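Visitor: Please take a close look at the aromatic rings here. I would like the geometry of the pairs and the cut-offs behind each term.

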Amino acid sequence: MMETFDLSSLSCRRIWLLTWPVMVSLLMQHLIGMTDTAFLGRVGEVELGAAALGSIYYLAVYMIGFGFSIGAQIIMARRNGEGRVAEIGRIFYCGCRFMAALAAGLFLLSYFLTPLVLRPAITSDAVYAETMRYVNWRSLGFFVVFVAVMFRAFFVAVTDTKVLTLSSVVMLLTNVLFNYVLIFGKCGFPVLGVAGAAIASVIAEAAGLVFFIVYTRRRVDVEKYALNVFGRFDWKLLREIMDTSVWTMLQLFIAVGIWFGFFLAVEHLGEQPLAVVNIIRSVSNISFMMFSAFATVTSSLVSNLIGAGHSDQVLKLIRRTAGLAFIGSGAFLVIFALFPDPILRIFTDSAVLIDATRETMYAIVINTMIQTGAYIVYNAVSGTGNTRVALLIELIATVVYGVAIYIVVIVLRSSVALCWLCDSTYALTIGLASFLYLWSGRWKNRRV
């Protein structure tokens, strides 16, 4: 645990030690989605495409809750940097109560509104039917994952990230086991196909939450952070959290929502292109987890530095973390460029799908090089506490991305590789806008 927060204590080695548990936890979480793809890739193209649409749709709704946890994380990190650690427990429990209520509300909305949203948007009847099977089961996960992300926010805020790795391993092993059993109907269970993948993910998330609870009770100094005091619900505190969180909630929902729009646009190109982008999504997540881990830690460390009175060191921190992220991402990109076929065979045994997907592997390399720096500076903006500016940047990038999708996918009906490169327009926009804001220095007097 850090005692003080200044750049001298944040060496490259220290940043790496904080980042690798987050990176491994993200890898484990992405492996959950990858195992879904790997199993369903051996069931059929319709199931593979439906899982892609269903999981992105679920992710868009999930991001509303995750955005709230990011706002709470920023405030908890600021209190940690200020040395006011006894206030962290109040923030944590207030967030957990709100998230439980939010999960119930979003579950009901999803149950009643999802058919109205997806039926007009999906052209294939078979893909629509399988997507609804996935979403109806997957949405049960709101009740556990929304509380689980509050635990994640707490551990990232206090820079105790090792537990994230352990919880993710528990989730991954649980998901692999139940994917095999439920998708293919093993051990006496019926063959559930895409619904089995959704149920397995929910069970895995529940296992992760149980692990967080047990770990916190046994290994965390609950008195230090006032986690032993449940207290009454504090509406004033909730409003304070929402002042930061509401913009992050909107920002993340919009970010994934436009990505869902991309998948819907590709679905209009046919069932095979949709299956291809689901495979590519799983492959790109491997490099994404690298720079995303550094971006997550950057946000928390920026908030801690500002809380400790070291705003002048933020830009140096960003350069340091970005350099490390480029080194880490580059290792994956070399493997993608040199060995595309062996990687693709992990997700499908169809030679036709592998041939259709190979070209898009090189688009991942281009996207990742742009995204690595862009996501780090963007998360640094959130770490300053000015989440309104982060939302504005997101809105601008979304418009640019939406125009690119319309031209490249809908109008030109380009190859999947060119369609996937639309991500670069989004990353370039948020990266440039975030850099200009940080360079201006207008964030230095922001209080949360």
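Guide: I start with one ring and its surroundings. Phe-184 is partly exposed, because its relative accessibility is 27% (buried means under 20% relative accessible area, exposed over 50%, partly exposed in between, with a 1.4 Å probe and protein chains only). Phe-39, at 17% relative accessibility, counts as buried.

On provenance, this is a predicted model, in which local features need pLDDT of at least 70 and side-chain atom pairs count only at pLDDT 80 or more, while totals for chains, interfaces and linings use all residues. Residues are numbered from 1 along each chain as its sequence is written, and side-chain values use heavy atoms, with hydrogens and water left out.

A pair of aromatic rings is described by the distance of the centres and the angle of the planes. Rings of Phe, Tyr and Trp (its six-membered ring) pair if their centres lie within 6.5 Å; planes under 30 degrees apart count as stacked, over 60 as edge-to-face and the rest as tilted. Searching the whole structure gives 31 aromatic pairs. Phe-39 and Phe-184 form an edge-to-face pair, because their planes are at 70°, with the ring centres 5.7 Å apart. This pair links distant parts of the chain, 145 residues apart: Phe-39 is in helix 1 (residues 12–40) and Phe-184 in helix 6 (residues 162–184). Helices here are DSSP runs (H or I, at least four residues), numbered from the N terminus.

A stacked pair is formed by Phe-155 and Phe-212, with 6.0 Å centre to centre and 20° between the planes. Phe-155 belongs to helix 5 (residues 142–157) and Phe-212 to helix 7 (residues 194–219), so the pair ties together parts 57 residues apart in sequence. Phe-155 is buried, with a relative accessible area of 0%, and Phe-212 counts as buried at 5% relative accessibility. Both residues are members of one aromatic cluster, which also includes Phe-92, Tyr-93, Phe-151, Phe-154, Phe-211, Tyr-215, Tyr-225 and Phe-230.

Rings also appear beneath charged groups. A charge sits over a ring if NZ of Lys or CZ of Arg is within 6 Å of the ring centre and within 35 degrees of the ring normal. The charged end of Arg-138 sits over the ring of Tyr-58, 4.0 Å from its centre. For Arg-119, the charged end sits over the ring of Tyr-128, at 4.3 Å from the centre.

Key:
Helices (H or I, at least four residues) and strands (E, at least two) are DSSP runs, numbered from the N terminus.
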